[in-house]
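Here's a quick briefing to read with the model open on your screen. Grab a coffee and click along as you go.

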Amino acid sequence: MRIRDRRAEDNPELNLVPLIDVILVLIIFFVITTTFDARSVLKLELPQANGERNDAQDGTLSLLINADGRYFVDDREALRTDVESLKRTIAEVAGDDRERTVLLRADARTPWQAVVTAYDALGQLGFKRIANATAPQTAAVPSAATQEE
C-alpha cells in the first residue's frame with residue numbers, strides 16, 4: 001500500500017473576491033464623497049475703467065445708489081428699496097421719455113442686489129440706454145522697496 005502525502009499536491013489559492021469587494025466599496029465611497037471644484041475651470045478677466053471722460057450729460061437721467069442701498073432719481077429719493085417703488089419714482093421723474101440715457105452711479109460698497117434691482121426696474125420700464133459711472137483708476141501707491149531707492 002502506497003501512502004502519499006496529499007499536502008505536496010495541494011496548490012495554494014489566493015481568494016481575490018473579498019479583496020475586489022473591498023476595492024469596489026472604496027471606489028464607491030470616494031466617488032460619492034468627492035466634490036468637484038468648478039471654479040478652477042473659470043478664468044475671468046474683469047473690465048477696467050480706463051475710458052475717456054464723457055461730460056455730455058444733457059438730458060440724462062441720474063440714478064444714484066448709496067452704500068446703504070437707497071435709491072435717488074435725480075433729486076428725488078425712492079421711498080422704499082423694492083422694484084415697484086423704484087419704478088414709480090423713475091416714471092415720475094422721467095415721464096414718458098424712454099429714450100433718455102440713464103447714468104447709474106453706485107457706491108463701491110453698495111450691495112449687489114441693489115444694483116440688480118435698479119437694472120430690473122429700468123428694464124421693466126423700457127430703458128435701453130444705461131451708462132455706468134466709474135471713477136478713474138488711481139496710480140499705484142509705491143511700495144516701501146521702491147521708496148528706499
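Is Glu77 buried, partly exposed or exposed? Glu77 counts as partly exposed, because its relative accessibility is 33%, which sits between the 20% and 50% cut-offs. Keep in mind that this is a predicted model, with a mean chain pLDDT of 77. The rest of the tour covers confidence, salt bridges, helix α2, and a few loop residues.

**How far to trust it**

- Of the chain's residues, 68% reach a pLDDT of 70 or more.
- Residues 38-48 stay under 50 in pLDDT, and the model gives them one contact beyond four places in sequence.
- Residues 145-149 also fall below 50, again with one contact beyond near neighbours in sequence.
- Where pLDDT is low, the predicted coordinates should not be read in detail.

**Salt bridges**

- The structure holds five salt bridges, and here are some of them.
- Glu77 pairs up with Arg70, with the closest N and O atoms 2.1 Å apart. Arg70 is partly exposed, at a relative accessible area of 40%.
- Arg76 and Glu92 make another salt bridge, at 2.7 Å from N to O. This pair ties together distant parts of the chain, as Arg76 is in strand β3 and Glu92 is in helix α2, 16 residues apart.
- Both ends of that bridge are partly exposed: Arg76 has a relative accessible area of 41%, and Glu92 has a relative accessibility of 47%.
- Asp107 bridges to Arg109, with the closest N and O atoms 3.1 Å apart. Asp107 is partly exposed at 28%, whereas Arg109 is exposed at 64%.

**Helix α2**

- α2 covers residues 83-94. Does its length agree or disagree with the expected span? It agrees: twelve residues at 1.5 Å a residue should span 16 Å, and the end C-alpha atoms are 16 Å apart.
- The buried residues of α2 are Val83, Ser85, Leu86, Lys87, Thr89, Ile90 and Ala94.
- In an α-helix there are 3.6 residues a turn, so residues three or four places apart point the same way.
- What do the buried residues of α2 pack against? Their partners are β1 (61-65), β2, β3 and α3 (112-125).
- Right after α2, Gly95 takes a positive phi of about 75 degrees.

**Arg100 and Asp74**

- Arg100 is in the loop that runs from α2 to β4 (102-106).
- This arginine is buried but has no salt bridge. Its nearest side chain of opposite charge is Asp74, 4.3 Å away, so the pair misses the 4 Å cut-off for a salt bridge.
- What Arg100 does have is a reach from its side chain to the backbone oxygen of Thr60, at 3.4 Å.
- Leaving out residues up to four places away in sequence, Arg100 touches Gly59, Thr60, Leu61, Asp74, Val93, Ala94, Phe127 and Arg129.
- Asp74 is in the loop between β2 (71-73) and β3 (76-77), and it is partly exposed, with a relative accessible area of 34%.
- Asp74 also has a positive phi of about 50 degrees, although it is not a glycine. Most residues other than glycine have a negative phi.

**Thr110**

- Look for Thr110 in the loop between β4 and α3. Is it buried or exposed? Thr110 counts as buried, because its relative accessibility is 11% and the cut-off is 20%.
- Its side chain reaches the backbone oxygen of Asp107 at 2.9 Å. That is the Asp107 from the salt bridge with Arg109.
- A polar atom of the Thr110 side chain also lies 3.5 Å from the backbone oxygen of Ile65.
- Not counting residues up to four places away in sequence, Thr110 touches Ile65, Asn66, Ala67 and Val115.

**Gly126**

- Gly126 is in the loop between α3 and β5 (130-132), and it counts as partly exposed at 26% relative accessibility.
- The C-alpha atoms of Gly126 and Arg98 are separated by 6.2 Å, although the two residues are 28 apart along the chain.

Technical notes: Residues are numbered from 1 along each chain as its sequence is written. This is a predicted model: local features need pLDDT of at least 70, side-chain atom pairs count only at pLDDT 80 or more; totals for chains, interfaces and linings use all residues. Side-chain values use heavy atoms; hydrogens and water are left out. Helices (H or I, at least four residues) and strands (E, at least two) are DSSP runs, numbered from the N terminus. Buried means under 20% relative accessible area, exposed over 50%, partly exposed in between (1.4 Å probe, protein chains only). Lys and Arg count as positive and Asp and Glu as negative; His and the chain ends are not counted. A polar contact is a pair of N or O atoms within 3.5 Å; within protein, one must be able to donate a hydrogen and the other to accept it, and residues adjacent in sequence count only if both atoms are side-chain atoms. Contact means heavy atoms within 4.5 Å. pLDDT is the predictor's confidence in each residue, from 0 to 100. The expected span of a helix is 1.5 Å times one less than its number of residues.
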